[in-house]
Amino acid sequence: MQVYLPIGEISVNIFVLLGIGGGIGFLSGLFGVGGGFLLTPLLIFIGIPPAVAVGTGANQIVASSISGVLAHFKRGTVDVKMGVMLLIGGILGSGVGVWLFTLLRAQGQVDLVIKLTYVFFLGAIGLLMFIESVGALVRTKRRATPKRRTHNALTGLPFKMRFRRSLLYISALLPLGVGFVVGILTAIMGVGGGFIMVPAMIYLLGMPTAVVVGTSLFQIIFVTTNVTVLQAINNFAVDIPLALLLLVGGVIGAQFGSRASTKMNGEQLRVLLALMVLGVCFKIALELTLPPADIYVLGTMK
């Protein structure tokens, strides 16, 4: 069964889109990520234009994140206060990101920038997460005592706040800054930012892994909603039929993912997430380096 996507200007099998949406929703509930780091490349791989994949991908992330965060709210694993601070920074950053996206699209460079940004961030973060997570697993098997967290320059920042759910007393500037950076990437890459947000919350903010997943999803909901609206208004890059099909699959998949997350420990989840991030990075890098099947494409100048 084929469905024509008016904004993407391509026909795609309905069940392929439902399957992609379901898989992304499952990852959302399992890892606490919006899944956009995988969704946007998958849409590009099946022929969706990168700009449309970014704009529409942010819309689907909203649905899967809502479904996942409801399950985490029931278990009490959402730090709302921390989520609000991340959200404020994310809203500001997403506004800046959409402005940059519009500027790059006007210059005709947005497709290349999207792919290069994916390769850089996915490669760096995936590698760091994999090394740290494997080390944590080894220490767990040896029953070694984990190293105590040391103080650094970030702990001395002003405007400190107490986040009781996360058992933290840190500067509010830290979550605001993390949210701002993730907001920019959400707009440019069409991601929820969870693949950056989750490591930052664990390693930079020092949050417990059990609270990170639900809090990340809470923040992702509002930032991606803001990005979707801005992308639709400024760039007309949101394909409604595509978004609806991905949404249906995402809501269902997120429920299964949130249940599966309770059966795995934090180190195992981080290793799996790191391997997925590195896999997507390798695929995109391969697409950029291999010569295209069609060297010349006929089209009209816009």
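This report describes the fold of the protein, its two hairpins, one of its helices and the surroundings of two buried residues.

The model is predicted, so local features are given only at pLDDT of at least 70 and side-chain atom pairs only at pLDDT 80 or more, whereas totals for chains, interfaces and linings use all residues. Residues are numbered from 1 along each chain as its sequence is written, and side-chain values use heavy atoms, with hydrogens and water left out.

**Overall fold**

The protein contains 10 helices and four strands, where helices (H or I, at least four residues) and strands (E, at least two) are DSSP runs numbered from the N terminus. Read from the N terminus, the order of elements is β-β-α-α-α-α-α-β-β-α-α-α-α-α. Of the 302 residues, 50% are buried, a word that here means under 20% relative accessible area with a 1.4 Å probe and protein chains only, while exposed means over 50% and partly exposed lies in between. Counting contacts (heavy atoms within 4.5 Å) between residues at least 6 apart in sequence, 79% join residues at least 24 apart.

**The two hairpins**

Two strands are said to pair if DSSP finds at least two bridges between them. The table sets out both strand pairs of this kind.

| Strands | Sense and bridges | Opposite residues | Turn residue with positive phi |
|---|---|---|---|
| S1 (residues 2-5) and S2 (residues 10-13) | antiparallel, four bridges | Tyr4 and Ser11 | Glu9, about 55 degrees |
| S3 (residues 160-163) and S4 (residues 168-171) | antiparallel, four bridges | Phe163 and Leu168 | Leu167, about 60 degrees |

In a regular strand the side chains alternate between the two faces of the sheet. Strand S1 shows such an alternation, with Val3 and Leu5 pointing to one face and buried, while Gln2 and Tyr4 point to the other face and are not buried.

**Helix H4**

Helix H4 covers residues 80-107, and its 28 residues reach 40 Å from the first C-alpha to the last, close to the expected 40 Å, a span defined as 1.5 Å times one less than the number of residues. The buried residues of H4 include Gly83, Leu86, Gly90, Ser94, Val98 and Phe101. Just after H4, glycine 108 takes a positive phi of about 75 degrees.

**Aspartate 79 and histidine 72**

Where does aspartate 79 lie? Aspartate 79 is placed in the loop between H3 and H4, and it counts as buried because its relative accessible area is 3%. It caps the N-terminal end of H4, with a side-chain oxygen 3.3 Å from the backbone nitrogen of lysine 81, and a polar atom of its side chain lies 3.0 Å from the backbone nitrogen of methionine 82; a polar contact is a pair of N or O atoms within 3.5 Å, and within protein one must be able to donate a hydrogen and the other to accept it, while residues adjacent in sequence count only if both atoms are side-chain atoms. Leaving aside residues up to four places away in sequence, aspartate 79 touches Phe163, Arg165, Ser166, Val211 and Thr215.

Histidine 72 belongs to helix H3 (residues 50-75), and it counts as buried because its relative accessibility is 3%. Its C-alpha atom is separated by 5.3 Å from that of glycine 214, although the two residues are 142 apart along the chain.

**Charges over rings**

A charge sits over a ring if NZ of Lys or CZ of Arg is within 6 Å of the ring centre and within 35 degrees of the ring normal. The charged end of lysine 81 sits over the ring of phenylalanine 163, 5.7 Å from its centre, and arginine 162 lies over the face of tyrosine 169, at 4.5 Å from the ring centre.
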